[in-house]
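Student: I have a model open and want to go through how its chains meet. Can we start with the helices?

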Amino acid sequence: MARNKRAIPEINAGSMADIAFLLLIFYLVTTTMDTDKGINRKLPPYDEELVQDPPPIKERNIFTVLVNSNDQLLVEDEYLEISQLREKAMEFIDNNGDGSCEHCKGYGMSNSSDNPDKAVISLQNDRGTSYGMYVKVQNELVAAYEDLRDQLAEREYGRSYREMDPEEDEEIIKEIKNAYPQKISEAEPLNIGG
Amino acid sequence: MAVIKKKKDKALPAVNTSALPDIVFMLLFFFMVATVMREVDLKVAVNKPQATEIQKLERKSLVTYIYAGAPRQKYQDKFGKAPRIQLNDAFASIDDVQAFVIQEREAKSEEERPMMTMSIKADKSVKMGLITDIKLQLRKAQALKINYSSLQPKNVDALYSSEN
C-alpha cells in the first residue's frame with residue numbers, strides 16, 4: 001500500500017524539557033529531605049494493677065536522678081550540673097563493688113553499685129520539667145552507657161563501639177551490650193510546683 | 001584582490017538543547033529517590049531539643065508522628081498559646097492519642113505492626129506533664145517503641161550552657 005511507504009514523521013520533543021521541569025518543580029515543592037533522628041527508648045507495658053511486690057533492690061544499686069520543675073538536678077542527694085551527670089553515672093555503673101565484674105575499671109566503693117548487671121538508674125522528673133531538659137538528661141544517661149561500652153570495645157577489640165556495623169559485628173555488639181546492660185527506670189513524675 | 005571576505009551578518013548557530021530533557025530527568029529522578037513527601041502541615045511550632053546519642057529512623061513507613069508545642073502565630077487567636085498536641089493535620093486532645101495510634105496500627109500490615117515506632121516531635125519548652133500524658137496513652141495503646149526526635153548540636157559544648 002502506498003501509505004506504508006511514507007516515513008513516520010518524527011515526534012516533536014521540544015516540549016519534553018518543559019514537562020520534565022514541571023515534574024521536577026512539583027517534587028521540589030512537595031517533598032522534604034530532612035532525615036529524622038532521635039533518642040530511641042522503650043516504654044514499659046501498661047498494667048492496670050501495680051506490681052504487687054517489686055523485687056527488692058539494694059539502695060546502693062540505685063542511682064537516683066531527680067529533676068525539678070526549675071530544671072535543676074538532684075543526683076544521689078547531691079546538687080549537680082548537667083555537665084557532671086555523665087561522669088557520675090559512669091562511676092556508678094562501673095563501680096564493681098562486689099568484684100564480680102572482670103571488665104570493670106571502677107573504684108569498688110562500698111556505697112555504689114555491686115556490678116553493672118545490678119546497677120539501675122532511676123529517673124524521676126516533675127510535671128513542670130521542660131522537655132528539653134528531660135531529653136538532655138536522657139541523653140547523658142544513654143551516653144554514660146555508650147561511653148562505657150566504647151571504652152570496653154577499645155580495650156578488647158581496639159575499635160570504637162559507636163562505629164561498629166550492626167550487621168557485620170552483631171556478635172561483638174551483643175557481647176558488649178551484655179557487659180553493660182542499659183537499665184534506666186522511669187518513675188511516675190511528681191507534681192510539685194508545676 | 002583575492003581576499004575572501006567573511007560574511008559579517010552570519011547568524012550564530014542555535015545551541016543544541018536536545019540533551020536538556022535528559023539532564024532535567026536526571027535531576028528529577030534524583031529528587032524522587034532522595035526525598036520523601038511532606039507528611040503534614042505543621043500547626044504547632046516545634047523547636048526540637050538537642051542530643052548527641054541519636055539514631056536515624058529507618059523505614060519512614062513504620063514511623064508515626066505525634067507533634068506537641070505551642071500553636072503557631074496564625075492559629076493563636078483561635079487556640080491560644082498553651083502547648084497542644086497535633087495528630088496528622090489537626091489539633092487533638094490527649095484522649096484522641098490512643099484511638100489515633102490504634103487506627104495507625106490497623107492501617108499497617110500484620111508483620112509490620114510490631115516494628116511500628118512512635119516519634120514524639122515536641123518543642124523543648126513543652127512541660128513534661130503533657131509528654132507524660134502522651135506516654136501514658138501510648139502505653140495503653142501498646143505502642144512501646146518511641147523516639148524522642150532531636151537534633152545533633154553543631155557544637156557539643158552548647159548542650160551544657162544554661163540557655164538551651
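Student: How are H2(A) and H1(B) oriented to each other, roughly parallel or roughly antiparallel?

Tutor: This is a predicted model, in which local features need pLDDT of at least 70, side-chain atom pairs count only at pLDDT 80 or more, and totals for chains, interfaces and linings use all residues. Residues are numbered from 1 along each chain as its sequence is written, with chains lettered from A and ligands numbered from 1 in the order in which they are written. The axes of helix H2 (residues 16-30) of chain A and helix H1 (residues 20-34) of chain B cross at roughly 20° and come within 9 Å. H2(A) and H1(B) are therefore roughly parallel (angles under 35 degrees, on a scale from 0 to 180 degrees between N-to-C directions).

Student: What do the residues of that contact divide into?

Tutor: Among those that meet are A:Phe21 and A:Leu24 in H2(A), and B:Phe25 and B:Leu28 in H1(B). The contact of H2(A) with H1(B) has 16 nonpolar residues, no polar and no charged (nonpolar is Ala, Val, Leu, Ile, Met, Phe, Trp, Tyr, Cys and Pro; charged is Asp, Glu, Lys and Arg; the others, Gly among them, are polar).

Student: And how many residues of chain B are in contact with chain A?

Tutor: 48 residues of chain B are in contact with 45 residues of chain A (C-beta atoms, placed from the backbone, within 7 Å). H1(B) gives the largest share of the chain B side, nine residues. That side divides into 26 nonpolar, 12 polar and 10 charged residues.

Student: Switching to strands, what does E7(B) join?

Tutor: Strand E2 (residues 37-42) of chain A is joined to E7(B) by five bridges, and the two run antiparallel. A:Asn40 has B:Asn147 as its bridge partner in E7(B).

Note on methods: Helix = DSSP H or I, 4+ residues; strand = E, 2+ residues; numbered from the N terminus. Parallel < 35°, antiparallel > 145°, perpendicular 65-115°, else oblique. Contact = placed C-beta atoms within 7 Å. Pairing = 2+ DSSP bridges.
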